[in-house]
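Me: I have a structure open and I'd like to learn how to read it. Could you walk me through a few features?

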Amino acid sequence: MRTCLLLALATLTLHVYAQQYGNNPAAGHFLNTRGIQLYYESYGSGEPLLLFHGNGGSINNMSNQIPYFAAHYHVIAIDTRAHGKSVDPGDSLSFEQIVDDFSALCDSLHLDSCYIVGWSDGGIDAILFALRHPAKVKKMAFTGANLWPDTTGLTPFVFHLIQAEHDKLIKQHRNAQENNALKIVDLDLYQPHITLDQLHQIHCPTFVIGGDHDAIPVPHTVLIAANIPQSYLWIVPNSGHSVPIFKKDAFNSQIYDFFTHPYRKIEGTATFQ
């Protein structure tokens, strides 16, 4: 979700069994990299698939995806910098830092290229990972991503909610936990800054997803898909920002179908199919 509050509300719907994800000693590992201990969990076997969670969240937010995709892939679910167990003592945070952490993890695991599934900020991570480390992305699917932080990239309600959270935190005499919360809120208030020209540079097959009542305006999601050369678009009906939770079965199966079939360019007479 776009804020810690919204994400917390969404994750209340997860099943009790899912609490193991993000806190599973049997699957958990730390990588000492770039000034932090990056926490990740590993499940299944096969080709590597990276899972990127949203703002204020953790590995646990992808609990509906981990068991499904672990039946087909080697799933690597990551607590992004300053989230979950990946504690970051720094006073600032950027999406570029986050995706370069992911690249370092891939190098440490000797992963040449991966499938990627991202949600919300994890979708932004997917886009920037494909831009900054294109050779490491085989195919990617993401839902609820935005390119810039204003009321065209976020609905006015969500943008002003983030502003209000920032204003509340900035006025407080903050402890370390609240400083981290401000850093995470400001990530979405002031970032990202991705141009349409940058999207033209993405050449991996891409599945762009959004809810028809998402925290990201539908025209913005359409704009993202329209500017990535090899992309499909799915606007999920009767859905908000939490497609991976409330539409989990369709979300997982549609992405698996996308990953397991070659991308086809649909033009000319094929547009009548």
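**Two helices and some charged pairs**

Reply: Let's start with a packing pair: the axes of helix 3 and helix 4 lie 9 Å apart, and the two pack at an angle of about 65°. Helices here are DSSP runs of H or I with at least four residues, strands are runs of E with at least two, and both are numbered from the N terminus. Axes are lines fitted to C-alpha atoms, for helices over the stretch in contact, with angles from 0 to 180 degrees between N-to-C directions. Keep in mind that this is a predicted model, where local features need pLDDT of at least 70 and side-chain atom pairs count only at pLDDT 80 or more, while totals for chains, interfaces and linings use all residues. Residues are numbered from 1 along each chain as its sequence is written, and side-chain values use heavy atoms, leaving out hydrogens and water.

Me: What does that angle make helix 3 relative to helix 4?

Reply: Roughly perpendicular. The scheme is: under 35 degrees is roughly parallel, over 145 roughly antiparallel, 65 to 115 roughly perpendicular, and the rest oblique.

Me: Which residues meet there?

Reply: Contact means heavy atoms within 4.5 Å. On the helix 3 side they include Phe 95, Ile 98 and Asp 100, and on the helix 4 side Leu 128, Phe 129 and Arg 132 are among them.

Me: Asp 100 and Arg 132 sound like a charged pair. How far apart are their closest N and O atoms?

Reply: Side chains of opposite charge can pair when their charged atoms come close. The rule for a salt bridge is a side-chain nitrogen of Lys or Arg within 4 Å of a carboxyl oxygen of Asp or Glu. Here the closest N and O atoms are 2.8 Å apart, and Asp 100 and Arg 132 form a salt bridge. Asp 100 sits in helix 3 and Arg 132 in helix 4 (residues 121-132), so the pair ties together parts 32 residues apart in sequence.

Me: Are those two buried or exposed?

Reply: Buried is under 20% relative accessible area, exposed is over 50%, and partly exposed is in between (1.4 Å probe, protein chains only). Asp 100 is buried at 16%, whereas Arg 132 is partly exposed at 40%.

Me: How many salt bridges are there by this rule?

Reply: The count is 9. Asp 88 takes part in one with Arg 81, at 3.6 Å, and in one with Lys 183, at 3.3 Å. Lys 183 belongs to helix 6 (residues 176-190), and Asp 88 to the loop between strand 4 (74-78) and helix 3 (95-108), 95 residues apart. Asp 88 is buried at 8% relative accessibility, Lys 183 is buried at 8%, and Arg 81 is buried at 5%.
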